[in-house]
Amino acid sequence: MDALKGECSIAGIFAMNVKEWLKNNTSSLVGKTVAVTGTTGGLGNELCRYLAELGASLILLDRNYTRSSEFRDELVAEYGVKVECITVDLEDCYHLDKFVTYTASKYATAGVTGPKSVSAYVSVD
């Protein structure tokens, strides 16, 4: 398996190609907002590109605002989607609380789920 190709495994139980799964199960994300963590790293970065290709608006959640905003500019230029950067350290309770409060007030139906070991997870409104 090769994570760079979008293949993942869970304890060797099964393997899947994330891009292929999204392609087969999602025709369009236009009008949807997706929050992704770890957006300046490899998996989160590639997931954002693919979601933008499907037309999703993105919320980039990352600890490094400079790199995140540079990536935002790339996504907007390449895909023409709406992208917001939020600086958050999901291992810091204070940051996490501020993020959840902000997100709940701005995106009424957006939520955050998933273990911190997952480098990118999706919350679609």
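**View 1. Low-confidence stretches of the predicted model.** In this predicted model, pLDDT stays under 50 over residues 8–13, a stretch for which the model has 7 contacts beyond four places in sequence. A second stretch, residues 110–125, likewise keeps a pLDDT under 50, and here the model has 35 contacts beyond four places in sequence. Among the elements of the protein, strand β1 (residues 7–9) has the lowest mean pLDDT, 49, whereas α3 has the highest, 95. For the protein as a whole the mean pLDDT is 75, and 70% of the residues reach 70 or more.

**View 2. Strand β4 and its two faces.** Strand β4 spans residues 57–62, and 6 of its 6 residues are buried. The side chains of S57, I59 and L61 point one way from the strand, while L58, L60 and D62 point the other way, and all are buried.

**View 3. Strand β4 between β3 and β5.** Strand β3 (residues 33–37) runs parallel to β4 and is joined to it by 5 bridges, with L60 of β4 as the bridge partner of V36. Between these strands the chain passes through helix α2 (residues 42–53), in a β-α-β crossover that is right-handed. Strand β5 (residues 83–87) is also parallel to β4, again with 5 bridges, and D62 stands opposite T87 of β5. From β4 the chain reaches β5 through helix α3 (residues 65–79), and this β-α-β crossover too is right-handed.

**View 4. Helix α2 and the residue that follows.** The 12 residues of α2 reach 17 Å from the first C-alpha to the last, which is close to the 16 Å expected at 1.5 Å a residue. The buried residues of this helix are G44, N45, L47, C48, R49, Y50, L51 and A52. Just after α2, G55 adopts a positive phi of about 95°.

**View 5. The largest nonpolar core and a second, separate one.** In soluble globular proteins, nonpolar side chains tend to be buried together. The largest nonpolar core in this model has 17 residues, and those with the most contacts inside it are V34, C48, L51, L58, L60 and L75. At least two residues of this core come from each of β3, α2, β4, α3 and β5, and α2 gives the most, with 5 residues. Apart from its neighbours within four places in sequence, C48 is in contact with V36, T39, L58, L60, F71 and L75. A second, separate core has 6 residues, among them I59, L61, I86 and F99.

Notes
Residues numbered from 1 in each chain as written. Predicted model: local features only at pLDDT ≥ 70, side-chain atom pairs only at ≥ 80, totals over all residues. Heavy atoms only, no water. Buried < 20%, exposed > 50% of the residue type's maximum accessible area, 1.4 Å probe, protein only. Helix = DSSP H or I, 4+ residues; strand = E, 2+ residues; numbered from the N terminus. Pairing = 2+ DSSP bridges. Right-handed = clockwise from strand over helix to strand, strands pointing away. Expected span 1.5 Å × (residues − 1). pLDDT = per-residue confidence, 0-100. Contact = heavy atoms within 4.5 Å. Core = buried A, V, L, I, M, F, W, Y, C linked by side-chain atoms within 4.5 Å.
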